[in-house]
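Me: Please take a close look at the aromatic side chains in this model. Then say what lies around them.

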Amino acid sequence: PELSEEPPAEMVKMTKSKTFQAYLPNCHRTYSCIHCRAHLANHDELISKASGFIRDLMNYFLTKMSFQGSQGRAYLFNSVVNVGCGPAEERVLLTGLHAVADIYCENCKTTLGWKYEHAFESSQKYKEGKFIIELAHMIKDNGWE
């Protein structure tokens, strides 16, 4: 008998494995989708944790503001992974008119928040290209003890 024979079909257990586009390193604190556990962001990408004197000064004032999503508190990130982006549309948010695009988990398709594509007020320009993820859709993973 050859060693490369496949086992009989009744012995093969089919499992559905989750495949994410990106895995963040285990050595970093991460945020994951609460619905499917796909990695979403590294804690270092949270705006309030950025480095640099000017950025730190700006972030001091940013941390005094609370970002609000449609389902409660939200975090602002520089970058995210495993996230898809819908079409941009103009919305009047608490801080004025913005062009935003809804973002969703690429794995389970849950809407997570939005991406700021354009801010119409000069005081809000720092948000452009950044991502809001609502806390209701995130779980902390890796090293938060």
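**Aromatic pairs and their surroundings**

Reply: Tryptophan 114 is buried, because its relative accessibility is 8% and the cut-off for buried is under 20%. Keep in mind that this is a predicted model. Tyrosine 116 also counts as buried, at 3% relative accessibility.

Now the pairing. Four aromatic pairs are counted. One of them joins tyrosine 31 and phenylalanine 77. Their ring centres are 5.3 Å apart, and the planes make an angle of 70°. That makes the pair edge-to-face. Tyrosine 31 sits in strand S1. Phenylalanine 77 belongs to strand S4, residues 72–77. The two residues are 46 residues apart, so the pair links distant parts of the chain. Both tyrosine 31 and phenylalanine 77 are buried.

Back to tryptophan 114: its partner is tyrosine 116. This pair is edge-to-face too, with 6.2 Å from centre to centre and 80° between the planes. The angle qualifies because edge-to-face requires over 60 degrees.

There is also a cluster. Tyr31, Tyr75 and Phe77 form one aromatic cluster. Tyrosine 31 and phenylalanine 77 are thus members of a pair and of this cluster.

Next, an aromatic residue at the surface. Phenylalanine 120 is partly exposed, with a relative accessible area of 39%. Its place is the loop between strand S7 (111–119) and strand S8 (131–134). Phe120 joins Val92 and Leu97 in a nonpolar surface patch of about 280 Å². Patch members need over 30% relative accessible area, and phenylalanine 120 meets that with its 39%.

Two loop residues deserve a check of the backbone. Most residues other than glycine have a negative phi. Arginine 37 has a positive phi, near 70°. The loop between strand S1 (30–33) and strand S2 (39–42) holds arginine 37. Arginine 37 is partly exposed, at a relative accessible area of 42%. Lysine 109 has a positive phi as well, near 70°. Lysine 109 lies in the loop between strand S6 (96–105) and S7.

To pull this together: tyrosine 31 and phenylalanine 77 are buried, as are tryptophan 114 and tyrosine 116. Phenylalanine 120, by contrast, is partly exposed and contributes to the nonpolar patch.

Methods:
Residues are numbered from 1 along each chain as its sequence is written. Side-chain values use heavy atoms; hydrogens and water are left out. Patches are made of residues with over 30% relative accessible area and no salt bridge: like charges are joined within 9 Å, nonpolar side chains (Val, Leu, Ile, Met, Phe, Trp, Tyr) within 5 Å. Accessible areas come from the Shrake-Rupley method with a 1.4 Å probe; for residues, only the protein chains shown count as cover. A salt bridge is a side-chain nitrogen of Lys or Arg within 4 Å of a carboxyl oxygen of Asp or Glu. Helices (H or I, at least four residues) and strands (E, at least two) are DSSP runs, numbered from the N terminus. Buried means under 20% relative accessible area, exposed over 50%, partly exposed in between (1.4 Å probe, protein chains only). Rings of Phe, Tyr and Trp (its six-membered ring) pair if their centres lie within 6.5 Å; planes under 30 degrees apart count as stacked, over 60 as edge-to-face and the rest as tilted.
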